[in-house]
Amino acid sequence: MAESKKYEVAVSAIPQYIAEQSDPANDSYVFAYAITLENVGTVPAQLISRHWIITDASGEVQEVRGLGVVGQQPLLQPGEKFEYTSGCQLETPVGTMRGSYQMTAVDGKQFEAQIGEFTLAVPRVLH
């Protein structure tokens with residue numbers, strides 16, 4: 001079996017603007033994002049840490065690194081999913097997020113689950 005299929009976690013993200021927590025007059029835009037991780041590989045793997053790259057419309061970049069997600073380091077069996085919601089704040093109404101999760105398979109192999117870039121945008125700002 002190909003190594004890439006043995007160690008593979010698919011990641012999807014659904015962003016949402018949180019108007020109630022935002023303050024556009026003071027350049028504060030709050031976004032939530034729902035993440036789903038699915039172990040599409042053939043061996044159990046544990047999420048150890050995360051690395052986010054958050055870029056706003058001005059080109060300002062924030063990098064966020066830390067252990068686990070929402071205080072957890074889930075162990076995903078093959079076919080199992082883990083979902084969580086988190087958030088971030090930008091100084092512009094549009095931005096992007098991308099990154100990776102550092103995973104460790106039960107056999108000790110370490111690998112990354114890539115988080116494809118997704119857009120954070122206040123509704124009706126982008127056409």
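## Exercises on charge, burial and backbone

Glu117 is exposed, with 55% relative accessible area (buried means under 20%, exposed over 50%, partly exposed in between, with a 1.4 Å probe and protein chains only). The model is predicted, so local features need pLDDT of at least 70 and side-chain atom pairs pLDDT 80 or more, while totals for chains, interfaces and linings use all residues. Residues are numbered from 1 along each chain as its sequence is written, and side-chain values use heavy atoms, leaving out hydrogens and water.

**Exercise 1.** Describe the fold of the protein chain in outline.

Solution.
- Step 1: the chain holds 1 helix and 8 strands (DSSP runs, numbered from the N terminus: H or I of at least four residues for helices, E of at least two for strands).
- Step 2: read from the N terminus, the order is α-β-β-β-β-β-β-β-β.
- Step 3: the C-alpha trace spans about 55 × 30 × 20 Å along its principal axes.
- Step 4: of the 127 residues in the protein chain, 39% are buried.

**Exercise 2.** Find the salt bridges of the structure and give the exposure of their partners.

Solution.
- Step 1: the whole structure contains 3 salt bridges (a side-chain nitrogen of Lys or Arg within 4 Å of a carboxyl oxygen of Asp or Glu).
- Step 2: Lys5 pairs with Glu8, with 3.6 Å between the closest N and O atoms. Lys5 is partly exposed at 46% relative accessibility, and Glu8 is partly exposed at 27%.
- Step 3: Glu63 and Arg65 form a salt bridge at 3.6 Å, N to O. Arg65 is exposed, at 62% relative accessibility.
- Step 4: Arg98 and Glu117 form a salt bridge in which the closest N and O atoms are 3.9 Å apart. This pair links distant parts of the chain, Arg98 being in strand β7 (residues 94-105) and Glu117 in strand β8 (residues 110-121), 19 residues apart. Arg98 is partly exposed at 38% relative accessibility, whereas Glu117 is exposed at 55%.

**Exercise 3.** Which side chain of opposite charge is nearest to Asp56, and how far away is it?

Solution.
- Step 1: Asp56 belongs to strand β3 (residues 45-56).
- Step 2: Asp56 is buried and has no salt bridge.
- Step 3: the nearest side chain of opposite charge (Lys and Arg count as positive, Asp and Glu as negative; His and the chain ends are not counted) is Arg98, 13 Å away.
- Step 4: the Asp56 side chain does reach the backbone nitrogen of Ser58, at 2.8 Å.

**Exercise 4.** Locate Asp27 and Val70, and state the sign of phi for each.

Solution.
- Step 1: for background, most residues other than glycine have a negative phi.
- Step 2: Asp27 sits in the loop between β1 (9-17) and β2 (29-39). Its phi is near 55 degrees, a positive value. At 45% relative accessibility, Asp27 is partly exposed.
- Step 3: Val70 is in the loop between β4 (61-67) and β5 (75-76). Phi of Val70 is also positive, near 40 degrees. Val70 is partly exposed, at 44% relative accessibility.

**Exercise 5.** Which residues gather with Asp27 in a patch of negative charge?

Solution.
- Step 1: the patch lies on the surface and consists of Asp23, Asp27, Glu60 and Glu91 (residues with over 30% relative accessible area and no salt bridge, like charges being joined within 9 Å).
- Step 2: Asp27 itself is partly exposed, with a relative accessible area of 45%.

Terms used. Patch = residues over 30% accessible without salt bridge, like charges linked within 9 Å, V, L, I, M, F, W, Y side chains within 5 Å. Areas by Shrake-Rupley, 256 points an atom, 1.4 Å probe, with all protein chains shown as cover. Charge placed at Lys NZ, Arg CZ, Asp CG, Glu CD. Polar contact = N/O pair within 3.5 Å; in protein donor to acceptor, adjacent residues only side chain to side chain.
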